[in-house]
Structure formats: C-alpha cells, structure tokens
Amino acid sequence: MAKDWNNRIAKSESEGSSALSRAVLGRATAEAEQILADAQAKAERLRQEAHERAQGERKAILERALREADQIRKQAVITAQLQAQTMRLQRREGLLNQVFEEAHRKLASVQQWSNYRQIAEQLIREAVMSLNSDPIRISADAKTRSLLPETALAALAKDLKVQLEIGPELEHGTGIIAETTDGRQRYDNTLEIRLNRRWETIRAPVYRLLIGEHGS
C-alpha cells in the first residue's frame with residue numbers, strides 16, 4: 001500500500017516536472033520567436049531607412065549634377081559669346097587699321113588735286129588761328145612750298161593780320177607746320193597728323209560705311 005502511494009507520488013512529481021519543463025520551454029521558445037521577430041522588424045526598418053536615405057542621397061547627387069551641368073552650359077554660352085565678341089572686335093580693328101593705313105598711303109595724292117593750293121592756304125589759316133601769336137614761321141614740304149610763293153604768303157599774312165615767314169622745308173609729312181619764331185609754340189597741320197587727330201572721331205562712321213558696303 002505504501003509502495004503504491006510512493007509510486008503515485010513519484011509519478012505525480014515526474015508528470016509535474018515534465019509539465020513545468022514544457023511550460024518553461026514553451027515560454028522560452030515564444031520569447032525567442034518574439035526576439036527574432038523584433039530583430040527582423042528592426043532589420044527591415046533599418047534596411048528601409050537606409051534605402052530611403054540612399055534614394056535621398058541619389059536625388060541630391062542628381063540635382064547637384066544637373067545644377068553643375070546647367071552652370072557649365074551657361075558658362076560655355078557666355079564664353080562662346082565673349083569669344084564671338086572678341087572676334088568681331090578683332091575683325092573690326094583689322095578693317096579699320098587697313099582703312100587707316102590705306103588713307104595714310106594716299107594722303108600724298110591730295111597734292112595732285114586741282115584745289116590743293118586752296119587746301120594748303122586753309123592749313124596755314126587753321127595753324128595761325130590755333131597759335132594766336134605773331135610772328136609765325138611756316139614750314140612746308142616741297143610740293144606745298146612750291147604752291148605758296150612769297151606773294152601768296154604775303155596775301156595770307158595781310159588777311160590774317162600776322163607776320164608770316166617761310167621756314168625750312170619739311171623732310172617728312174604732307175602739308176605745313178607752323179611755329180612761333182621763338183620756337184615755344186608749334187602746330188603740326190600736316191595731312192598725316194590731321195588724320196591721326198581725327199581718326200578716333202571718324203572710326204565709327206567709317207566702320208558703319210564698311211559694314212554697309214561689305215556686310216558684317
């Protein structure tokens with residue numbers, strides 16, 4: 001009888017131990033599964049955040065690249081415009097220089113004009129009025145000098161109310177140079193110097209004429 005009781009107690013204890021073991025194991029398994037599920041959820045969340053961050057970075061990189069490309073394009077356009085403007089200015093200067101040099105070469109031919117004596121007298125008048133002094137010495141190139149004999153100078157002197165005297169022949173230039181007899185004042189009124197003085201003011205009209213005749 002006692003033996004049976006002991007067996008039942010042992011059996012009951014064994015069954016209770018097994019049940020407890022199963023309960024502990026089940027709880028441990030559930031907790032492990034929950035931990036795994038949480039870890040997977042966290043990993044998925046981190047993966048999604050990383051993906052979104054990467055997408056944002058790619059978008060920012062793309063936008064920056066597009067801005068840089070647009071800036072490069074604008075800079076290229078500006079550079080091309082500046083180069084084109086420079087080429088136009090160089091072409092303009094080249095044309096004007098050609099005209100200026102050709103005009104200089106042809107100045108001497110003015111002396112062949114039928115009215116050159118009147119031109120020479122006008123050159124003297126302008127020089128005398130600019131100096132506003134008395135007496136004045138007039139130097140001229142050989143051709144101009146030959147057209148201004150003493151009688152012509154005397155008539156000019158009387159008209160201008162100054163004393164004029166002939167100076168040395170010019171070695172360079174076409175026209176006349178006037179100076180005070182003390183050498184303190186001098187007025188170069190040769191055709192070459194006159195062209196130089198006026199060139200800056202006639203450059204624009206000359207260029208417009210060239211464009212009108214020959215295109216841009």
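**Exercise 1. Which residue stands opposite Glu179 in β4?**

Before we start: this is a predicted model, where local features need pLDDT of at least 70 and side-chain atom pairs count only at pLDDT 80 or more, while totals for chains, interfaces and linings use all residues. Residues are numbered from 1 along each chain as its sequence is written, and side-chain values use heavy atoms, with hydrogens and water left out.

Step 1. Find the strands; here strands (E, at least two residues) and helices (H or I, at least four) are DSSP runs numbered from the N terminus. Glu179 belongs to β3, which spans residues 175-180.

Step 2. Look across to β4: β3 pairs with β4 in the antiparallel sense, over five bridges. Two strands count as paired if DSSP finds at least two bridges between them.

Step 3. The residue facing Glu179 in β4 is Arg186. Further along, Gly175 sits opposite Thr190 in β4.

Step 4. Now check the other neighbour: β1 and β3 also run antiparallel, joined by five bridges, and there Arg137 stands opposite Glu179.

**Exercise 2. Work out the order of the strands in the sheet and what packs on it.**

Step 1. The open sheet has four strands, ordered β2-β1-β3-β4, with mixed pairing.

Step 2. β2 (164-166) and β4 (186-190) are at the edges with a single partner strand each, so one side of each has no neighbour in the sheet.

Step 3. Helix α2 (residues 116-131) packs on the sheet and touches β1, β2, β3 and β4, contact meaning heavy atoms within 4.5 Å.

Step 4. How well covered is β3? Six of its six residues are buried, that is, under 20% relative accessible area (exposed is over 50%, partly exposed in between, using a 1.4 Å probe and protein chains only).

**Exercise 3. Trace the salt bridges of Glu102 and Arg125.**

Step 1. Use the rule: a side-chain nitrogen of Lys or Arg within 4 Å of a carboxyl oxygen of Asp or Glu. The count comes to 10 salt bridges.

Step 2. Glu102 meets Arg105 at 2.4 Å, N to O, and Lys106 at 3.5 Å. Together, Glu102, Arg105 and Lys106 are linked in a network.

Step 3. Arg125 and Asp159 form another salt bridge, with their closest N and O atoms 2.5 Å apart. Arg125 is in helix α2 and Asp159 in helix α4 (residues 150-160), so this pair ties together parts 34 residues apart in sequence.

Definitions and conventions
Axes fitted to C-alpha atoms, helices over the stretch in contact; angles between N-to-C directions.
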